[in-house]
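Let's take a walk through a protein chain together, one contact at a time. Have a look at the picture first, then read on.

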Amino acid sequence: MGEKSNAKEQIVNTAARLFFSQGYHATGLSQIIKESDTPKGSLYHYFPEGKEELALVCIEKANLHVMDKFHESFSKHKTTGDAIYDFVYHMAIETEQSGYTGFIPFSFWASVEASCISDRLRHACQEVFAGWQHIIAAQLLQEGADEEAAENAAILTLSMMEGALIISLTNQNNKPLLTAAQYLSSVMNTVRRRG
């Protein structure tokens, strides 16, 4: 049983790495099989619907990773502003440490590229963004922000984070992310005070 789940895990980890580094369209099942060093039958055994089903699992895996990072930041800080600063700051550091290679922002590969292919992928991406928005808005609501302001601030936060990540990767410089971290912290503190 351990080998079977290990093969599935290898396939998912390899597919996620390839989807995030080169995109959905550029990643073929043959490449996933070769780089995961698993038998071809394993991929089709665990993912009988093929690439789309595998992408859905990778989207969920990415979502869980990001949600864990949000929970970690929110648990370490008293205010949403401080937590968002911490979250985006660490994203900037990780981006720089990666040499600005090895991943594509979630909004780019999953939402833009993959959602054009399938309604299932698009719906999965919508759920991911809704979850991220919810966790940010919920923190602001706990701090006394009104509902509309909290929801708007959450949308702004995700838009700035993903946009800053795209610009950072393009320019191979983490200044856009560091700038976003600073401004988002201020925005969160302003929203919190208005509530």
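We'll start with some charged side chains and then move on to one of the helices.

Keep in mind that what you're looking at is a predicted model. How many salt bridges does the count come to? The count comes to six salt bridges, and we'll visit some of them here. The basic idea is simple: side chains of opposite charge can pair when their charged atoms come close.

Begin with arginine 120, which sits in helix H7, a stretch covering residues 119–142. Arginine 120 makes a salt bridge with glutamate 49, and their closest N and O atoms are 2.6 Å apart. Now find glutamate 49: it's in the loop between helix H3 (40–46) and helix H4 (51–76). Those two partners are 71 residues apart, so this pair links distant parts of the chain.

Arginine 120 has another partner too. Its side chain meets that of glutamate 52 in a salt bridge, at 3.6 Å from N to O. Glutamate 52 lies in helix H4 while arginine 120 is in helix H7, so this pair ties together parts that are 68 residues apart in sequence. Put the pieces together and you get a network of salt bridges linking Glu49, Glu52 and Arg120. Is arginine 120 buried, partly exposed or exposed? With a relative accessibility of 39%, arginine 120 counts as partly exposed.

Next, hop over to helix H5 (residues 80–97), where you'll find aspartate 86. Aspartate 86 forms a salt bridge with lysine 76, with 3.5 Å between the closest N and O atoms. Lysine 76 belongs to helix H4, and the two residues are ten residues apart. Check how accessible each partner is: aspartate 86 counts as buried, at 10% relative accessibility, whereas lysine 76, at 46%, counts as partly exposed.

Now for helix H8, which runs over residues 147–171. H8 has 25 residues and reaches 36 Å from its first C-alpha to its last, close to the 36 Å expected. At its start, a side-chain oxygen of aspartate 146 comes to within 3.2 Å of the backbone nitrogen of glutamate 148.

Which residues of H8 are buried? Among them are Ala150, Ala153, Ala154, Thr157, Leu158, Met161 and Leu165. A helix rule helps you read that list: an α-helix has 3.6 residues a turn, so residues three or four places apart point the same way. Finally, H8 is followed by glutamine 172, whose phi is positive, near 50°.

Conventions: Residues are numbered from 1 along each chain as its sequence is written. This is a predicted model: local features need pLDDT of at least 70, side-chain atom pairs count only at pLDDT 80 or more; totals for chains, interfaces and linings use all residues. Side-chain values use heavy atoms; hydrogens and water are left out. A salt bridge is a side-chain nitrogen of Lys or Arg within 4 Å of a carboxyl oxygen of Asp or Glu. Helices (H or I, at least four residues) and strands (E, at least two) are DSSP runs, numbered from the N terminus. Buried means under 20% relative accessible area, exposed over 50%, partly exposed in between (1.4 Å probe, protein chains only). The expected span of a helix is 1.5 Å times one less than its number of residues. A polar contact is a pair of N or O atoms within 3.5 Å; within protein, one must be able to donate a hydrogen and the other to accept it, and residues adjacent in sequence count only if both atoms are side-chain atoms.
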